[in-house]
Amino acid sequence: MLEYKYDTQLLIEGDALSEDAINAYITTHIPGDCLLAVGDERLIKIHFHTNEPWTLLAYCASLGEIYDIVVEDMDRQSRGLKG
């Protein structure tokens, strides 16, 4: 059994985005692990394992336009099923 079920990935396009601020907010407010928040002030790629992908999506949408959203159920994947 995985502690965090959903592998959530997306891009955020916006203005004056900060990798450090995004990383700090997510690690403080959204339970999960394996966070990657990389990019520049106009485009950030997010990768995060969480049980609350909707919370992550809502936060990221508040920063700019989100797209290329992928939410995969890692528990299903580990059992050989489509995620």
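Biologist: Let me start with one side chain in the helical layer: which residues does Ile22 touch, not counting residues up to four places away in sequence?

Modeller: This is a predicted model, and in it Ile22 touches Ile12, Ala37, Ile44, Ile46, Tyr59 and Leu63, once residues up to four places away in sequence are set aside. Ile22 belongs to the largest nonpolar core, which has 14 residues, and it is one of the five that touch the most other members, together with Ile12, Ile26, Ile46 and Leu56.

Biologist: Which elements each supply at least two residues of this core?

Modeller: Strands S1, S2 and S3 do so, and so do both H1 and H2.

Biologist: Before turning to the helices, I would like to read the sheet itself: in what order do the four strands stand, and is the pairing parallel or antiparallel?

Modeller: The general idea is that strands of a sheet pair through backbone hydrogen bonds, in either a parallel or an antiparallel sense. Here the sheet is open, its strands follow the order S2-S3-S1-S4, and the pairing is antiparallel. Strand S2 (32-39) and strand S4 (65-73) are the edges, since each of them pairs on one side only. From one strand to the next, the twist averages 10°.

Biologist: How many bridges join S1 to S3, and which residue of S3 stands opposite Gln9?

Modeller: Strand S1, residues 6-13, is joined to strand S3, residues 43-50, by eight bridges, and the residue that Gln9 faces in S3 is His47. On the S2 side, S3 pairs over six bridges, again in the antiparallel sense, and these two strands form a hairpin with three residues between them. Ala37 has Ile46 of S3 as its bridge partner, and both Ala37 and Ile46 are contacts of Ile22.

Biologist: Where do the helices lie with respect to these strands?

Modeller: Helix H1, residues 19-29, lies across S1, S2 and S3 and runs at about 165° to S2. Helix H2, residues 53-61, lies across S1, S3 and S4, where its angle to S1 is about 5°.

Biologist: How should I read burial within a strand, and is Thr8 of S1 buried or exposed?

Modeller: As a general guide, in a regular strand the side chains alternate between the two faces of the sheet. Thr8, in strand S1, counts as buried because its relative accessibility is 0%. Its contacts, apart from residues up to four places away in sequence, are Ile46, His47, Phe48, Thr50, Pro53, Leu56, Leu57, Val70 and Val71.

Biologist: What does Asp33, in the edge strand S2, look like in comparison, and with which residues is Asp33 in contact?

Modeller: Asp33 is partly exposed, because its relative accessible area of 32% lies between the 20% and 50% limits. Leaving aside neighbours within four places in sequence, Asp33 is in contact with Tyr4, Phe48 and His49. The C-alpha atoms of Asp33 and Glu3 are 9.2 Å apart, although the two residues are 30 residues apart in sequence.

Biologist: Another aspartate, Asp73, is found in strand S4. Is Asp73 buried or exposed, and which side chain makes a polar contact with the side chain of Asp73?

Modeller: Asp73 is buried, because its relative accessible area is 9%, below the 20% limit. Its side chain makes a polar contact with the side chain of Lys5 at 3.5 Å, while a polar atom of that Asp73 side chain lies 3.0 Å from the backbone nitrogen of Asp75.

Biologist: How many disulfides does the structure hold?

Modeller: The structure holds zero disulfides. Cys34 and Cys60 are each other's nearest cysteine by sulfur position, at 16 Å, and they are not counted as a disulfide because the two sulfur atoms would have to be within 2.5 Å. Cys34 is partly exposed at 43% relative accessibility, whereas Cys60 is buried at 0%.

Biologist: One last residue, at the end of H2: is Ala61 buried, partly exposed or exposed?

Modeller: Ala61, which is found in helix H2, is partly exposed because its relative accessible area is 39%. Its C-alpha atom is separated by 9.4 Å from that of Glu13, a residue 48 residues apart from Ala61 along the chain.

Key. Residues are numbered from 1 along each chain as its sequence is written. This is a predicted model: local features need pLDDT of at least 70, side-chain atom pairs count only at pLDDT 80 or more; totals for chains, interfaces and linings use all residues. Side-chain values use heavy atoms; hydrogens and water are left out. Two strands pair if DSSP finds at least two bridges between them. Axes are lines fitted to C-alpha atoms, for helices over the stretch in contact, and angles run from 0 to 180 degrees between N-to-C directions. Contact means heavy atoms within 4.5 Å. A nonpolar core is a set of buried Ala, Val, Leu, Ile, Met, Phe, Trp, Tyr and Cys residues joined through side-chain atoms within 4.5 Å. Buried means under 20% relative accessible area, exposed over 50%, partly exposed in between (1.4 Å probe, protein chains only). A polar contact is a pair of N or O atoms within 3.5 Å; within protein, one must be able to donate a hydrogen and the other to accept it, and residues adjacent in sequence count only if both atoms are side-chain atoms.
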